[in-house]
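Hello,

Here is the structure I promised to pass on to you. Please have a look at it first, and then read my notes below.

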Amino acid sequence: MDNVTKWRVISCLLDLSKDLQGGEIRHQDNIYKIFTEYLGWPENSIDREMKIRQGSTPKRVDFVLKKDNSCVVPIEVKTAYSAESGVEQLGSYMLHLGVDLGILIRDKFYFFYDDNCGRNMKMLDDAVFIVPFSDICTDGDDVVRLLDFSNFNPETIKSALIDLKNKKQEEARQQKFKDSIVNKIKSVEFIHTAIKAKLNSEGPEAAEYVGMIDEILDNFEISVKPLHSLNIDNKDDELPYPKAESPGQRHKFKFKGQVYNGCSDLAYAIVKEYVNETNCTINELRKELKSAKVTSSIFKLENDVKDPNRSWPEKMRLDVPGDRSKIRIYIMWNYCKGGNDNFSPLLRFAAKQGWEIEEL
């Protein structure tokens, strides 16, 4: 069985057991089956319910992977409905065992690397590598490759996680810098200062009327509207929209402090906000939108797009972080208050999330 097929079986088994309320034992049983039957682990190399003592309290680690009779990777198991995330629990096991690798299997695979033996782990987002239980997830092959007993090497896993961690930290630094620039550009004071500097540079006579320039600027509402996601690295944002005649393009909305001209801009913003807040997979997104009776054609997988210059332009590209899918958001919306349109369900979907949208 190749890695792709193995991952399909593994993701299917875990997806079935992750949502069982009070079914942690069933989830554990599936995980044990996966390691012994599909990843080739001998029973003497995967210790289940291993007893440890932390202070005066006895504990049991759900699973511990062993290499050369040494405990190298503890695994904590929770279901999606567990009240506790399991992160700090896993961190305490790592500290007890003196290891810097740990795996949490919950609604997804969460791979942790902490060179302080779990002391710095507080939340799910501290995981370096997160892989959802989806058979279309491209990272599934990596999970199988890293955890297959025949290839298992803690140093290989550690090296891969360190590279990912460094990459994430660099991306975070870059994003922080981008955000600081964007916040400066959006500042009214910054815009006023830039305009005054430009006017004053045009000639000595302009400098004599500084007060008049301030008075004029005070009578203008000046703002900067970023293109969609503020992804200033994406040069596709410079592409113009097709000239569609959808009535929805005549509407203006305010959402999360930003003003959006047209239904397509707002649709993109709503979907982006949801996938980023929930870290959902494409199947979870589709299911949630369907339950809200939003049109099933709101998005397409990027590989399925046949008319990129009409209904699915590159400008509407969006990454779904839960399984790293790439989708395009639909652009041809119609909207009329109280009428039969395809955009109102999306507004109701946003309201269900607790998001306030003001029509201007």
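To get you started: in which helix is K6 found? K6 is found in helix 1, and that helix is what most of this email is about. Please keep in mind that this is a predicted model.

Helix 1 runs over residues 3–17, which makes 15 residues. From its first C-alpha to its last it reaches 21 Å, close to the 21 Å expected at 1.5 Å a residue.

Next, which residues of helix 1 are buried? They are K6, W7, I10, S11, L13, L14 and S17. These buried residues lie on the same side of helix 1, because they cover an arc of only 165 degrees around its axis. As general background, an α-helix has 3.6 residues a turn, so residues three or four places apart point the same way.

What do the buried residues of helix 1 pack against? Their partners are two helices, helix 2 (24–38) and helix 4 (140–147), together with strand 4 (101–105), strand 5 (108–113) and strand 6 (129–132).

Back to K6 for a moment. K6 counts as buried because its relative accessibility is 14%, and the cut-off for buried is under 20%. Leaving aside residues up to four places away in sequence, K6 touches M1, Y38, V144 and D148.

Helix 1 also turns up when you look at the empty spaces. A search of the whole structure finds one cavity of 30 Å³ or more, and the volume of this largest cavity is about 30 Å³. Its lining consists of W7, I10, I34, F35, L39, F109, V143 and L147. At least two residues of that lining come from each of helix 1, helix 2 and helix 4. By type, the lining of the largest cavity has eight nonpolar residues, with no polar and no charged ones.

Then there is the second largest pocket, with about 500 Å³ of space. Helix 1, helix 9 (263–278) and helix 10 (282–291) are the elements that give two or more residues to the lining of this pocket. The pocket is lined by 21 residues, and D15, K18, D19, T281 and E284 lie nearest its centre. How does this lining divide by residue type? Six of its residues are nonpolar, five are polar and 10 are charged.

I hope you enjoy exploring the model!

Best wishes

Definitions and conventions. Residues numbered from 1 in each chain as written. Predicted model: local features only at pLDDT ≥ 70, side-chain atom pairs only at ≥ 80, totals over all residues. Heavy atoms only, no water. Helix = DSSP H or I, 4+ residues; strand = E, 2+ residues; numbered from the N terminus. Expected span 1.5 Å × (residues − 1). Buried < 20%, exposed > 50% of the residue type's maximum accessible area, 1.4 Å probe, protein only. Arc of directions from axis to C-beta. Contact = heavy atoms within 4.5 Å. 1 Å grid on protein atoms, 1.4 Å probe; cavity = no way out; pocket = protein on both sides within 12 Å on 5 of 7 lines; lining within 4 Å. Points joined across faces, edges and corners; volume = space filled by probe spheres on them. Nonpolar A, V, L, I, M, F, W, Y, C, P; charged D, E, K, R; others polar.
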